[in-house]
There are 2 protein chains.
Amino acid sequence: MHATLRDANPPLTRSVEDYLKAIYHLSNQGGFAATSDIAAMLEVAPPSVSGMVKRLSEAGLIEHVPYRGVQLTAQGRRAALRMIRRHRILELYLTQQLGYDWGGVHAEAERLEHAVSDELIDRMAGALGNPQYDPHGDPIPTATGEIEEAELVSLADAGVGTKLELRQVGTQDPARLRYFADQGLTPGVLLTVTARQPFNGPTTIGLVPSGDPRVVGRELALVLWCREVPVTDRGYAGR
Amino acid sequence: MHATLRDANPPLTRSVEDYLKAIYHLSNQGGFAATSDIAAMLEVAPPSVSGMVKRLSEAGLIEHVPYRGVQLTAQGRRAALRMIRRHRILELYLTQQLGYDWGGVHAEAERLEHAVSDELIDRMAGALGNPQYDPHGDPIPTATGEIEEAELVSLADAGVGTKLELRQVGTQDPARLRYFADQGLTPGVLLTVTARQPFNGPTTIGLVPSGDPRVVGRELALVLWCREVPVTDRGYAGR
DNA sequence: CTTCAACATTAGACTATGCTAATTTGAGGA
DNA sequence: TCCTCAAATTAGCATAGTCTAATGTTGAAG
Ligand SMILES: [Mn+2]
Ligand SMILES: [Mn+2]
Ligand SMILES: [Mn+2]
Ligand SMILES: [Mn+2]
């Protein structure tokens, strides 16, 4: 037994768990999560991310390509999905059983997700009837780490009348990205498809909840990847 | 504005909160909590306690008399009672609402007490009908930091048939302390008063749950300070 | 093919918390 | 009174995580 085998599976710290979750959310579709995006999401300085990235990749939780970004390994993905399961079950439980509204519940879950045991999460899930979706409509990973991958549709293909959450902006072009940001079209935004003109015409949408209309040409609409949201959704707060 | 006034009220860390709770439990009745007892309760090495004691007294949370021990200041006591309120409400909620048994609930509460918000604690307390006692019979401090001081009775004065929790051994004599320990009479032990002989005679007790009998002479019984426990109590696990 | 600005990383410092080993202290027993 | 020993403290080191300032890298614009 080598002395270098210190402790194969030390429990993850709160910081590590939050980094893994952030990387999961930022590296959808096999992409890389950028240092500065992780820093922005966790509200830490970029060098703090570089330091953590070193530790996480030494621990086998992520792959790091210098100056490009990071991706989760299978092990890191398992850990991230475990946290996402906890977070979503907690938000659902606090909302349905303790009268929380959607404003306060995210911050509470953000802390509790690191402190609850697997047993408590399973008991909460049981009390809720083992739900498959959280109140945002996001799928809740199973205890064994499977998640129903929300398949994304391009805004150009989405049905008129559907409600969507913008999930990914599939371009790297800074001018286009800047334009989308100006229009309020950033990941996480909710919208409804109001109309679409024929012959590859533009799609008209309304932002939720403001109702502000936007008209998006086909070329741009093709790169706006969205998730369909159940219409039973009420508002949106937190992530 | 002095630069030395860094941050008047930084949030307390998990370690700090656990130290304050331990000191509260160890320094009943205006006594001092000893370094080695704190270390044993928190399962850390004694020098770790010395280090934390320095920080806590610089923060105004405790008073330290070198080589004697520590006591909570008013501020430290407030913080400790806040944690005890959280812990006891959590144990009650997990037991009554989520089917926990008394074995697992203490460890869960020990972690969650640091992560929950005041709002969540108040909601849990509300869902339980704002209880005044936890299932051990211990009083739950109010949100404003008041606690019903469990008044202690000497074993020599306790009524026959009452159920007691040994809370304090009021002697410093090593020989007597060793004897009590040999008899299994250490703080936290539950017992029932079986009989008392007349003319300042000995008290006969039964340990709970083993039922083992003990006979304690008046001189010794006088220094065993106990809290009366409601007879509805079921078992005892955790602290 | 340069140049530059944004992004990433490295360097160096600091806090909180823990450990082991060495030293100091104080109180009870000879 | 003095000795001894358990308890407490100090000294020195380690790890995790954060920061600011300095430096390195890359890709896009000219
Ligand atoms: Mn959330
Ligand atoms: Mn979190
Ligand atoms: Mn407990
Ligand atoms: Mn605790």
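**Close-up 1. B:Asp118 and its salt-bridge partner, B:Arg82, in the predicted model.** B:Asp118 is partly exposed, because its relative accessibility is 42%. Its side chain meets that of B:Arg82 in a salt bridge, 3.2 Å from N to O. The pair links distant parts of the chain, 36 residues apart. B:Arg82 sits in helix H4 (residues 74-98) of chain B. B:Asp118 belongs to helix H6 (residues 118-127) of chain B. B:Arg82 is partly exposed too, at a relative accessible area of 37%.

**Close-up 2. A salt bridge between A:Arg86 and A:Asp118.** The two side chains meet at 2.8 Å, N to O. A:Arg86 lies in helix H4 (residues 74-98) of chain A and A:Asp118 in helix H6 (residues 118-127) of chain A, so the contact ties together parts that are 32 residues apart in sequence. A:Arg86 has 3% relative accessibility and therefore counts as buried. A:Asp118, at 43%, counts as partly exposed.

**Close-up 3. A:Glu165 paired with A:Arg227.** The closest N and O atoms of this salt bridge are 2.6 Å apart. The pair links distant parts of the chain. A:Glu165 is in strand E4 (residues 163-169) of chain A. A:Arg227 is in strand E8 (residues 224-228) of chain A. In sequence, 62 residues separate them. A:Glu165 is buried, with 4% relative accessibility. A:Arg227 is buried as well, with a relative accessible area of 4%.

**Close-up 4. A network of salt bridges in chain A.** The linked residues are A:Lys21, A:Glu110 and A:Glu113. Side chains of opposite charge can pair when their charged atoms come close. Over all chains, the structure holds 20 salt bridges.

**Close-up 5. The manganese ion (ligand 4) and its protein donors in chain B.** B:Asp18 contributes an OD atom. B:Glu110 contributes both O and OE. B:Glu113 donates through OE, and B:His114 through NE2. These donors lie 2.0 to 2.3 Å from the ion. In sequence, the donor residues are spaced D-x91-E-x2-E-H. Two of the residues at this site, B:Glu113 and B:His114, are buried.

Conventions. Residues numbered from 1 in each chain as written. Chains lettered and ligands numbered in written order. Predicted model: local features only at pLDDT ≥ 70, side-chain atom pairs only at ≥ 80, totals over all residues. Heavy atoms only, no water. Donors = N, O, S within 2.8 Å, 3.2 Å for Na, K, Ca; no water. Buried < 20%, exposed > 50% of the residue type's maximum accessible area, 1.4 Å probe, protein only. Salt bridge = Lys/Arg side-chain N within 4 Å of Asp/Glu carboxyl O. Helix = DSSP H or I, 4+ residues; strand = E, 2+ residues; numbered from the N terminus.
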